[in-house]
Amino acid sequence: MRGGTVTVVGGSIAGCAFASAAARAGADAVTVLERSEGRLADRGLGLCVHDDRAAELTAAGTLPPGIAAHRLARRRWVVRDPAGPAGRVFWDQPFPFHSYHWGLLWQGMREATPASVDYRHGVTVTGVAAADGGDRAEVHLADGGVEAGDLVVGADGYRSVVRRAVSPDSRPDYAGYICWRGNFDARRLAAVGEEHWPSEAVTTVCFEGGSCVVYRIPGPDGLRVNWVLYAVPPPAAGLRLDDPTSFPPGRVTAELAVGLTALLDHAFPPYWARVLALTDPEDTFVQPIYDLETAPITAGRLLLAGDAATVVRPHNTSGAAKALQDATAFEAAWRSAATWDEVLHGYRSARGAAGRELVALARRLGRAQVERTPPWSTMRPGDAHAWWQDQLGGAPGIGGQAMCPATAAQDPRH
Ligand SMILES: Cc1cc2nc3c(=O)[nH]c(=O)nc-3n(C[C@H](O)[C@H](O)[C@H](O)COP(=O)(O)OP(=O)(O)OC[C@H]3O[C@@H](n4cnc5c(N)ncnc54)[C@H](O)[C@@H]3O)c2cc1C
């Protein structure tokens, strides 16, 4: 199928990928409506993509080549131990991922968006609706404007307004815990020594009631250290957790900062507590954890993508890869379709179950690594391996799964 007009709500990772996919597949006009003014700001900075997913997505043309990435190879699980300041490594696990700087990834995606795409900043969508008896869809803008097109893609993240129209009862559920995130220039590590930490290693610091992942990422001015710390119970200090919300960098209050310091002091190996303490307060923030499986991912001429379709706890390390896979499946469905119904059917068949599986796996990972942590201090590699397999529950691994070529390219008419 060729031609048609596509409006994409949200111009982050999923939005850029879907706009590019629609333009490549032959849309006459593609518009992106992004509420942020100018360059999108970073929100915590680091993310990882599994090497196999990155290779597939690059081959599919969804992940542009040349975006800065830092190679990771191993994940070392560490627990506080009297034997040494860096704790005891109780498991060394393969970790075939590359890490990215969120802002550089977004910039690379944005620059790779074809020039024919009309990407508009500072445009907030307040609602979407069916138009022309369901053969088109329209978006309602905060300035009172209305724009209609053949297809509206909701790439507007975990608080999606498009999702409200596709699946009005679907709301992200608060998982019962929060994460702290932070980052700092890796040159600061000289102050605490780097001998405990090879460049390609991710460290997961384990403690009762939580865990913390620490790894290096590329940055505009050299490597940075990025960390994400999950812990129960959540701090009581004035966080509203019942509704999806997050605190941008700099919003961590003095009371929250005291709570984090206390946790580092009593639960972390001293070396890793010193590493996290290298973070400036304005580069530390708190984010509640949610999950959501949206049952339908399309309705009429509306389609959900990325975090708007499913909200996956971050333990699965799959958010960006999932958004890019959605766009890959969308393009494949479009190329083998003759009508809009076939595009939507093909996308649904390729991605509906994939999103639900990611949510379920990430829930199991969150329960095991935060909500019901095992006795880490007595764990040996064999115990850790069995514990990990139990979390996977038959899945081959984390970071998302390979897209099934037969599903992605299947003829939606059958
Ligand atoms: C600014 C920002 C920074 C991030 N930083 C990180 C990070 O450092 N590490 C990490 O792992 N993940 C980060 N994420 C999340 C990560 O991008 C996503 O989990 C993943 O890439 C899937 O992205 P998405 O495009 O589906 O959703 P999102 O990245 O959440 O993007 C949704 C986009 O839609 C826009 N939008 C929302 N509502 C409307 C509306 N009503 N009208 C118009 N536009 C709207 C938002 O401004 C946003 O740009 C960040 C997201 C954002 C928006």
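These questions and answers cover the ligand shell and the salt bridges of a predicted model.

Local features need pLDDT of at least 70, side-chain atom pairs count only at pLDDT 80 or more, and totals for chains, interfaces and linings use all residues. Residues are numbered from 1 along each chain as its sequence is written, and side-chain values use heavy atoms, with hydrogens and water left out.

Student: How many residues are around the ligand, and which come nearest?
Tutor: A residue is near if one of its heavy atoms lies within 4 Å of the molecule. The shell has 30 residues, and the nearest are Ser12, Glu34, Leu45, Trp102 and Asp307.

Student: How far is the polar side-chain atom of Ser12 from an oxygen atom of the ligand?
Tutor: Polar contacts are pairs of N or O atoms within 3.5 Å; within protein, one must be able to donate a hydrogen and the other to accept it, and residues adjacent in sequence count only if both atoms are side-chain atoms. Arg181 places a polar side-chain atom 3.2 Å from a ligand nitrogen. For Ser12 and the ligand oxygen, the distance is 2.7 Å.

Student: How much of the ligand does the protein bury?
Tutor: Areas come from the Shrake-Rupley method with a 1.4 Å probe; for residues, only the protein chains shown count as cover. Alone, the ligand exposes 910 Å². The protein buries 90% of that.

Student: Which element gives the largest share of the shell around the ligand?
Tutor: Helices (H or I, at least four residues) and strands (E, at least two) are DSSP runs, numbered from the N terminus. Elements giving two or more residues include helix H1 (13–25) and helix H8 (319–335). The largest share, three residues, comes from H8.

Student: Which residue in helix H8 is four residues from Asp326 and meets it in a salt bridge?
Tutor: A salt bridge puts a side-chain nitrogen of Lys or Arg within 4 Å of a carboxyl oxygen of Asp or Glu. Being four residues apart in H8, the two are separated by about one helical turn. The N to O distance is 2.8 Å. The partner is Lys322.

Student: Are Asp326 and Arg351 buried or exposed?
Tutor: Their side chains meet in a salt bridge at 2.6 Å, N to O. The pair links distant parts of the chain, helix H8 and helix H9, 25 residues apart. Buried means under 20% relative accessible area, exposed over 50%, partly exposed in between (1.4 Å probe, protein chains only). Both residues are buried.
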